[in-house]
Amino acid sequence: MIRIHQIKVPAKHSRADIERKIQKALRLSEEQAFTFQIRKESIDARKKQAVSYVYTVDVDLDEANHAMEEELVQKIHNKNIMLTKESKYRFPKAGADRLSYRPVIVGSGPAGLFCAYLLALYGYAPIILERGKQASERFADVTAFWQDGVLEPSSNVQFGEGGAGTFSDGKLNTLVKDPLGRNRFVLETLVSCGADSNILYVNKPHVGTDRLIQVVQNLREEIIRMGGTFSFETCLTDIRTEDGRICSITASHNGQSEQIPADLLVLAIGHSARDTFEMLHQNGLTMEAKPFAVGLRIEHPQEMISTHQYKGADLRYLPPASYKVTANTNGRGVYSFCTCPGGYVVNASSEPQRLAVNGMSYQKRDGSNCNSAVIVSVTPQDFQDFGDGPLCGIAFQRELETRAFALCQGNIPQQLYGDYKTGKISSGYGSFSSQAKGACAFADLSGLLPDPVREALINGIERFGGYIPDFNRYDAVLSGVESRTSSPVRILRGDTFESSVRGIYPCGEGAGYAGGIMSAAMDGIKTAEAVRSCFKPF
């Protein structure tokens with residue numbers, strides 16, 4: 001197989017245009033047959049009016065010419081053309097220890113689902129407990145909440161099948177370096193469960209909230225087919241240990257408690273399971289407060305973002321543009337997070353009388369606005385007034401969310417950026433309106449964040465206006481509060497992935513070891529590998 005990098009074609013192009021570029025690069029005659037697979041797609045927007053798609057492709061010559069591939073590459077002698085061999089992800093060999101009971105996985109977000117998928121695939125018959133509902137029922141609850149404001153504390157944007165990422169666009173980009181192929185394995189599994197195949201190669205893949213709901217349901221059905229079982233609306237409420245090792249758990253379902261024997265417990269609880277963090281801390285699991293970030297959502301017209309990012313190119317042949325901006329001001333990192341092209345600001349609350357926002361896009365990303373969180377890094381020193389233990393970050397989050405709820409009695413509080421700087425309540429939108437899921441109202445957000453965080457946020461947005469013209473426009477719409485960027489807690493684990501209590505495996509974003517769908521899924525896979533390396537199939 002021959003891999004070719006840097007295949008450039010115009011923004012408006014067809015598959016035939018890529019084929020012609022391949023023929024030219026490999027000096028093939030029109031009679032020489034070949035097939036190709038796109039391995040990477042990105043957009044080069046550095047030159048005004050000359051925006052290009054850039055592809056990396058894997059090419060297979062027909063059977064009669066397979067033998068000449070090496071000779072052909074040597075003859076062409078181009079650093080962008082090389083031989084390659086596809087390597088598949090390999091699960092490790094099973095260890096020798098025996099499990100007395102089926103593994104229990106708490107949480108069905110990306111970490112829990114991919115840990116469960118691999119354990120089910122290799123005969124461990126995992127039991128998955130999820131406090132929320134199945135994805136379709138959860139979607140109905142979330143939609144009703146956005147319409148009438150009645151919160152279901154266990155079935156919302158944070159809790160339920162698929163995890164918090166289900167309602168934040170299903171972004172699949174990650175900075176995690178992974179030579180073992182876990183990343184590719186996650187993407188291929190999602191495609192097999194119904195995601196669009198373009199996630200295998202686009203530069204910043206996403207599934208879309210609307211599509212992801214079906215994908216996670218299909219993944220669940222596959223886990224069940226391979227021997228796993230799911231129990232929804234079932235919350236972990238207690239653990240029992242003997243001699244420093246897990247021996248059983250208590251789970252609540254429909255108000256009824258059940259004790260379940262367990263010698264292996266995977267905690268994929270997500271970043272918002274605050275009651276579970278409290279219970280685990282009380283039961284002696286070693287954990288610590290960790291840095292995270294807080295801020296506000298900001299909205300701009302999508303056309304403004306795309307026109308700048310694509311240097312004025314014809315937008316008809318390009319996807320809605322995203323962006324990433326960063327700055328360091330007053331010793332704090334300020335950066336965009338979870339950018340949602342063609343997306344919506346959403347009420348992402350999970351606790352009564354507290355309000356948090358997030359962003360999401362549907363698969364087509366065809367909304368009129370682009371939104372992202374503009375967030376400021378905070379450390380345990382910033383929330384030391386909320387306690388000196390590992391849960392002080394949670395108390396800090398709750399305080400911000402309580403303030404946000406009080407500003408508009410549970411509606412999403414909003415303010416134009418220009419008014420935010422002066423502390424004036426906005427009287428209306430400017431040249432464009434907010435795109436939001438959930439009722440909104442205008443309020444003064446200027447007192448919501450601590451003063452050092454607010455100052456850093458304003459300085460950052462002003463700096464970003466130098467990168468993207470009009471980013472700091474007066475009528476950019478701010479919504480608050482963005483407080484669930486990542487877990488404020490890390491449950492410590494050792495080299496074997498076990499916590500301070502043996503047999504308990506913390507994993508994913510909630511445990512403090514991931515920062516998005518892909519990294520959480522990959523951490524779930526690593527946890528399954530750790531289990532596999534110790535234990536025989538159940």
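**Exercise 1. Determine where serine 533 lies and describe its surroundings.**

Solution. Serine 533 lies in helix 12, residues 517–534; helices (H or I, at least four residues) and strands (E, at least two) are DSSP runs, numbered from the N terminus. The model is predicted, local features need pLDDT of at least 70, side-chain atom pairs count only at pLDDT 80 or more, and totals for chains, interfaces and linings use all residues. Residues are numbered from 1 along each chain as its sequence is written, and side-chain values use heavy atoms, with hydrogens and water left out.

Step 1. Take the accessibility. Serine 533 has a relative accessible area of 43% and is therefore partly exposed, given that buried means under 20% relative accessible area, exposed over 50%, and partly exposed in between (1.4 Å probe, protein chains only).

Step 2. List the contacts, a contact being heavy atoms within 4.5 Å. Residues up to four places away in sequence not being counted, serine 533 touches Pro92, Lys93 and Gly95.

Step 3. Compare sequence and space. Serine 533 and alanine 96 are 437 residues apart along the chain, yet their C-alpha atoms are separated by 8.2 Å.

**Exercise 2. Check the length of helix 6 (residues 209–225) and identify what its buried residues pack against.**

Solution. Step 1. The expected span of a helix is 1.5 Å times one less than its number of residues. For the 17 residues of helix 6 the span should be 24 Å, and the end C-alpha atoms are 25 Å apart, which agrees.

Step 2. The buried residues of helix 6 are Thr209, Leu212, Ile213, Val215, Val216, Gln217, Leu219, Arg220 and Ile223.

Step 3. These buried residues pack against helix 3 (110–121), helix 4, helix 5 (182–192), strand 6 (127–130), strand 7 (229–232) and strand 17 (357–360).

Step 4. Just after helix 6, glycine 227 adopts a positive phi of about 115°.

**Exercise 3. Carry out the corresponding analysis for helix 5.**

Solution. Step 1. Arg182, Arg184, Phe185, Val186, Leu187, Thr189 and Leu190 are buried in helix 5.

Step 2. The packing partners of the buried residues are strand 2 (34–44), helix 3, helix 6 and helix 12.

Step 3. Glycine 194 follows helix 5, and its phi is positive, near 120°.

**Exercise 4. Describe the largest cavity and its lining.**

Solution. Step 1. Rolling a probe the size of a water molecule over the atoms shows where empty space is left. On a 1 Å grid over the protein atoms alone, a cavity is a set of points where a 1.4 Å probe fits but cannot get out, a pocket is an open set with protein on both sides within 12 Å along at least five of seven lines, and lining residues have an atom within 4 Å of a point. Grid points are joined across faces, edges and corners, and a volume is the space filled by probe spheres set on the points.

Step 2. The structure holds one cavity of 30 Å³ or more. The largest cavity encloses about 120 Å³. Its lining comprises 14 residues, and Pro110, Leu190, Leu212, Val216 and Ile517 are the closest to its centre.

Step 3. At least two lining residues come from each of helix 3 and helix 6.

Step 4. Sort the lining by class: Ala, Val, Leu, Ile, Met, Phe, Trp, Tyr, Cys and Pro count as nonpolar, Asp, Glu, Lys and Arg as charged, and the others, Gly among them, as polar. The cavity lining has ten nonpolar, four polar and no charged residues.

**Exercise 5. Describe the second largest pocket in the same terms.**

Solution. Step 1. The volume of the second largest pocket is about 210 Å³.

Step 2. The pocket is lined by 20 residues, and Phe145, Gly149, Asn347, Phe405 and Gly410 lie nearest its centre.

Step 3. Helix 4 (residues 135–148) provides the largest share of this lining, four residues.

Step 4. The classes in the pocket lining are eight nonpolar, nine polar and three charged residues.

**Exercise 6. Explain why cysteine 340 and cysteine 440 form no disulfide.**

Solution. Step 1. A disulfide is a pair of cysteine sulfur atoms within 2.5 Å, and a search of the whole structure finds zero.

Step 2. The closest cysteine sulfur to that of cysteine 340 belongs to cysteine 338, at 4.2 Å, which is too far for a bond. Cysteine 340 is buried, at a relative accessible area of 0%.

Step 3. For cysteine 440 the closest cysteine sulfur, in cysteine 408, is 8.8 Å away, also too far for a bond. Cysteine 440 is partly exposed, at 29% relative accessible area.
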